[in-house]
Amino acid sequence: MTPELARYITRRERVLDKVRRILVEHLHVARALDEIDPDAPLFGTGLGLDSVDAVELLVSMESELGVKLPNEGLSRAAMRTVNTLVDLALAHGRTDDVDG
C-alpha cells in the first residue's frame, strides 16, 4: 500500500465516522455508530430519513464538514447512502482536519 493510499483510507474513515455522528447526534438515528451500514439507503427502508431530515442533514454537513452541494443533480446522487455522502464531503468539503 502506498503512503498516499493509506492517508486517503484514513481520511475516508474519519469522514465516515463524522457522517455517522451527524446522523446519530443531529438526526437522532437510533443506532450505534458502527451499526450504520455505509451502503444503506438514507431514506425509505434504509435509515428511514424523510425530507425534513434531508434538510437537517445538508445543514449539518455544511456546518460540520464545509460541504456545499454544487447543483441539484449532484445532490440527488449524493443523498442515496452514507458512502455517497462521504464521497461528496471528500470532493467538496473541508475534510483535511476532520478528526475521528
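Start by selecting Val82, Asn83, Thr84, Leu85, Val86, Leu88, Ala89 and Leu90 in α4: these residues are buried. Buried means under 20% relative accessible area, exposed means over 50%, and partly exposed lies in between, with a 1.4 Å probe and protein chains only. The model is predicted: local features need pLDDT of at least 70, side-chain atom pairs count only at pLDDT 80 or more, and totals for chains, interfaces and linings use all residues. Residues are numbered from 1 along each chain as its sequence is written, and side-chain values use heavy atoms, with hydrogens and water left out.

**Stop 1: helix α4**

Extend the selection to residues 82-92, the whole of helix α4. Eight of its eleven residues are buried, so the helix is largely enclosed by the rest of the structure. Helices here are DSSP runs of H or I with at least four residues, strands are runs of E with at least two, and both are numbered from the N terminus.

Now step back to Thr81. Thr81 caps the N-terminal end of α4. Show its side chain: an oxygen there lies 3.3 Å from the backbone nitrogen of Asn83.

Next, pick Leu88, also in helix α4. Is Leu88 buried or exposed? Its relative accessibility is 4%, so Leu88 counts as buried. Draw a distance from Leu88 to Leu69: their C-alpha atoms are separated by 8.2 Å, with the two positions 19 residues apart along the chain.

**Stop 2: the loop between α1 and α2**

Select Leu47. Leu47 sits in the loop between α1 (3-25) and α2 (51-65). At 11% relative accessibility, Leu47 counts as buried.

Which residues touch Leu47, leaving aside neighbours within four places in sequence? Leu47 is in contact with Leu23, Val29, Arg31, Ile36, Pro41, Leu42 and Val82. Contact means heavy atoms within 4.5 Å. Val82 leads back to α4, where Val82 is one of the buried residues. The C-alpha atoms of Leu47 and Val82 are separated by 9.6 Å, and the two are 35 residues apart along the chain.

Stay in this loop and pick His28, which is also found between α1 and α2. Check the backbone: His28 has a positive phi of about 55 degrees although it is not a glycine. His28 is exposed, with a relative accessible area of 64%.

**Stop 3: helix α3**

Move to Arg76 in helix α3 (residues 72-78). Arg76 is exposed, at 62% relative accessible area. Measure across to Val52: the C-alpha atoms of Arg76 and Val52 are 15 Å apart, and the residues are 24 apart in sequence.

**Stop 4: the whole chain**

Zoom out and colour by secondary structure. The protein chain has four helices and zero strands. From the N terminus on, the order is α-α-α-α. The radius of gyration is 13 Å, close to the 13 Å that the globule rule gives for 100 residues, so the chain is as compact as a globular protein of that length. That radius is taken over C-alpha atoms, and the rule is 2.2 Å times the number of residues to the power 0.38. Along its principal axes the C-alpha trace spans about 40 × 30 × 20 Å.

Colour by burial next. Of the 100 residues, 37% count as buried. Then turn to contacts: among those between residues at least 6 apart in sequence, 63% join residues at least 24 apart.

Finish with charge. The chain has 12 positive and 18 negative side chains, and the centres of the two sets lie 4 Å apart. Lys and Arg count as positive, Asp and Glu as negative; His and the chain ends are not counted. Each charge is placed at NZ of Lys, CZ of Arg, CG of Asp or CD of Glu.

Technical notes. Polar contact = N/O pair within 3.5 Å; in protein donor to acceptor, adjacent residues only side chain to side chain.
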